[in-house]
Every structure is written in structure tokens, then in C-alpha cells.
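Please read the structure below alongside its sequence. The text after it goes from the sheet outward to single residues and charged pairs.

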Amino acid sequence: MKTRVTEKLGIAYPIIQGGMQWVGLAELASAVSNAGGLGILTGLTQPTPEALRDEIARCRSMTGKPFGVNLTILPTVKPPPYAEYVRAIIESGVKIVETAGNSPREFIAAFKEHGITLVHKCTTVRHALSAERNGVDIVSIDGLECAGHPGEDDVGGLVLIPAAARALKIPVVASGGIADGRGMAAAFALGAEGINMGTRFCVTREAPIHDNIKQALVGASERDTALIFRTLKNTARVYSNAIAREVRSMEYRPGGCRFDEIRPLVVGTRGRAALQSGEVDGGVISAGQGVGLIDDVPTCADLIERMVADCRQRLHIASAWAEGAADVRR
Ligand code: NAD
């Protein structure tokens, strides 16, 4: 499977494991890379830039294939020293960086000077165009279905992906709501040259999260996510557990709420503890609507192999329909 995305990233399949807070550790990133996709370590999951250097070295000891590092720039309870994380990434010799959240403009020149390929994840065509103008190599466009922060415009992938693909010259990666070969084939038909998955990779054997959480996600339907932080203009899509419901009831009570009132419920360290202990209602757990398409806990290699085979089959069916066949298997 060759696209401009596989060529720019040096990977066999155009499948990226997007950066996920608390989940993007070396175990998962190396498993995805070893299976022919692009694994990504989440920079801010490491408590310090020094710890990120160690995690990059650990990942390198687990795979000889390309992997990337995610750097997300969004409101945080404790603002991290971004410039030091950038230096750690560059000095560790990483060659692929996924930026997300606010514009990475101030760091682009430093990354480019060191020959780093930049994938910028964003949620609107206007931000994608601005990223292209600023020199990023690939845009990962995140539809409303996605886990984490879908932005405030509420455009689903069916419109957002082709809108981005026709506006940009650089390749587009489709993100949000993709969890199987059908979604992957659809992304290609919409003009993307690769796909990004988060929630689907959380429910794999190698994902460093407790099995209770994986089983809760397997049991969830496409209706089991919720949008929180909407009233704070920092919308996040998460698994609809007791914490998410409580946050929403505070946000939508008369007069709303301030961030500091919900902070004890949503602080990232509490979400991390829940992922590790398996307490499903213990903290905020990010999940996209694609959770409704997840029925099992495969290895990353099995997942990628079967998605690629199913995607090929779906594209074959679509092309048979286009040629007038009516009786092909659905
Ligand atoms: P945190 O403990 O700093 O904050 C918890 C949540 O509250 C986050 O979603 C954050 O965006 C939000 N938040 C913090 N301050 C806020 C404010 N003043 N107003 C509105 N919302 C606010 O988060 P963390 O779990 O330590 O994560 C660190 C950063 O990484 C956060 O910005 C988070 O959103 C981001 N993140 C990254 C990824 C990724 O894939 N790299 C995924 C999810 C979140």
C-alpha cells in the first residue's frame, strides 16, 4: 500500500497510531511500528523532557522501524516547558513529530532544520491550510467523531476529510471514527492518503491500560461517548462514564461552572490512575465514536493485517459496483 504518506514516513501501511495522553508509551508505539504502521509516543505523557529522552531510547530498543513523538499544545492544569520537550525530541534524533492542538508555528523551523517530518493534527480546513503554509508535511484532519479534542466546529469526517483533501496540496490523513477496514477504505475514497486511529489502538493487547477499561470499551456502543468542556471552548470527547456525566451536569446547570470547579474530577493524573487501576468510573477516559465498532482485543499486528485485508476487499467491492456488478458480497 503506497501513498505519499507511506513514502514520507517510511512505513509499509498508511496507518498511524495517534498520540494519546497516558497511552502512547513505548510498548504500544513499538508494536504499531513493528506491524508496519507508525507508532507514536506521547511527549507530555512523560513527566519531564529527560523522561521523554529515556522513553524514546526505550522505544528505539523495541523497534528498528520509524516511530514518531506527539506534542500537544492545549490548555493544561500545569503548563509544560514545551521548548525543552522540543529540544529533547530533536536531540534524541527522532525524525517524525505529530503536533496537535494549537499552532506549532514557533517550533516548526527548529524541527525542519533537523530534517524532521511534521504531521500536524487539526480539526478545521482553515487550520490545515495555515499549517501547510507554515511548512508542515502532512495534515491529520480530525472529524467530530474523534476522541479527545474535536474542536468547536462540529464537522464530521464525511465532509471534513474531502474538504481538507481538495483544499490542501500536502497529503491528508483521516482521523476520527475509523476502527475497521470499512472506515479505512472510506477514508481513501474521500481523498485521504492515510488513516489515524486512537481508540481502536487503545483496545489492543499491547496498549498499556487495564483490561477492565479495554472490556468497557469493547462493550460500548457508538452512543457511549460524551462531549465535555464544551462550555469552556475546549471540547473533549470522552467515554460516557460517571465522571463525564457529572462534569456535564455541572457545565449545564444554570449559570454553568468554572474550570477550577471541575478540575478535581478531570485532572489528567486521575484519568491515568483509572487507566492503570481499571476503575472505569475513576477518571476521564478519552474515547471516540468509533468505539461502537470495536468488538475485540487483538494484537496490533493482527489488527493492522486484518484492516488492510478488509480495506482491500471493500475497495474491490466498490470498484465492482462501479463497473456494474450488483451481486457482490456486502
Ligand atoms: P490536564 O490535567 O492538564 O487537564 C485535564 C483536561 O482539562 C485536559 O483535557 C485539558 O485540556 C483540560 N484543561 C486544563 N486546563 C483547562 C482550562 N483552564 N480550561 C479548559 N480546559 C482545561 O491534562 P493532562 O491529561 O495532563 O494532559 C496534558 C495535555 O495534553 C492537555 O492539554 C490534554 O488536553 C492534552 N492531551 C493530549 C492528548 C494527546 O493525544 N497527546 C490527548 C488528550 C489530551
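What follows describes a predicted model, beginning with its strands and ending with its salt bridges.

The main sheet is open and has 8 strands, in the order β1-β8-β7-β6-β5-β4-β3-β2, with parallel pairing. β1 (15-17) and β2 (39-42) are the edge strands; each has a single partner strand, so one side of each has no neighbour in the sheet. On average, and with direction ignored, neighbouring strands of this sheet are turned by 25° against each other. Strands of a sheet pair through backbone hydrogen bonds, and the pairing can be parallel or antiparallel.

Starting from the β2 edge, β2 and β3 pair in the parallel sense over 4 bridges. T42 stands opposite N70 in β3. Strand β3 covers residues 67-73, and 6 of its 7 residues are buried, so the rest of the structure largely encloses this strand. Further along the sheet, β4 (residues 96-101) and β5 (residues 117-122) run parallel and are joined by 5 bridges. Here A100 stands opposite K121 in β5.

Two helices can be placed against these strands. Helix α6 spans residues 125-133, and its buried residues include A128, S130, A131 and E132. The cover over the buried residues of α6 includes β5 and β6. After α6 comes G135, with a positive phi near 105°. Helix α7 (residues 157-167) lies across β6 (138-142) and β7 (172-175), and runs at about 160° to β6.

A further pairing involves β9 and β10. Strand β9 (residues 225-228) is joined to β10 (residues 236-239) by 4 bridges, and the two run antiparallel. I228 stands opposite A236 in β10. From β9, T225 and L227 point one way while A226 and I228 point the other way, and all are buried.

Backbone angles single out two further residues. Most residues other than glycine have a negative phi. K233, in the loop between β9 and β10, departs from this with a positive phi near 60°. W22 also has a positive phi, of about 75°, and is not a glycine; W22 is found in the loop between β1 and α2 (26-34). How do the surroundings of each residue look, buried or exposed? W22 is buried, at a relative accessible area of 17%, whereas K233 is exposed, at 69%.

Another lysine, K214, lies in helix α10 (residues 211-219). K214 is buried but has no salt bridge: D211, the nearest side chain of opposite charge, is 5.4 Å away. The cut-off for a salt bridge is 4 Å between a side-chain nitrogen and a carboxyl oxygen, so the D211 side chain does not qualify as a partner. What lies 2.9 Å from a polar atom of the K214 side chain? The backbone oxygen of A207 does. Leaving aside neighbours within four places in sequence, K214 is in contact with C202, V203, T204, R205, A207, I209 and V297.

Elsewhere, charged side chains do pair, and the structure holds 16 salt bridges. Side chains of opposite charge can pair when their charged atoms come close. One of the bridges is between R53 and E50, at 3.2 Å from N to O. Both residues belong to helix α3 (residues 49-62), where they are 3 residues apart and thus separated by about one helical turn. R53 is partly exposed at 24% relative accessibility, and E50 is partly exposed at 49%.

The salt bridge between D296 and R200 has an N to O distance of 3.3 Å. D296 lies in the loop between α13 (268-277) and α14 (300-322), and R200 lies in helix α9 (residues 199-202), so this pair ties together parts that are 96 residues apart in sequence. D296 is partly exposed, with a relative accessible area of 28%, while R200 is buried, with a relative accessible area of 2%.

R258 and D260 form another salt bridge, in which the closest N and O atoms are 3.1 Å apart. R258 counts as exposed at 53% relative accessibility, and D260 as partly exposed at 39%. This pair belongs to a network: salt bridges that share partners join R253, R258, D260 and E261.

Notes: Residues are numbered from 1 along each chain as its sequence is written. This is a predicted model: local features need pLDDT of at least 70, side-chain atom pairs count only at pLDDT 80 or more; totals for chains, interfaces and linings use all residues. Side-chain values use heavy atoms; hydrogens and water are left out. Two strands pair if DSSP finds at least two bridges between them. Axes are lines fitted to C-alpha atoms, for helices over the stretch in contact, and angles run from 0 to 180 degrees between N-to-C directions. Contact means heavy atoms within 4.5 Å. Buried means under 20% relative accessible area, exposed over 50%, partly exposed in between (1.4 Å probe, protein chains only). Lys and Arg count as positive and Asp and Glu as negative; His and the chain ends are not counted. A polar contact is a pair of N or O atoms within 3.5 Å; within protein, one must be able to donate a hydrogen and the other to accept it, and residues adjacent in sequence count only if both atoms are side-chain atoms.
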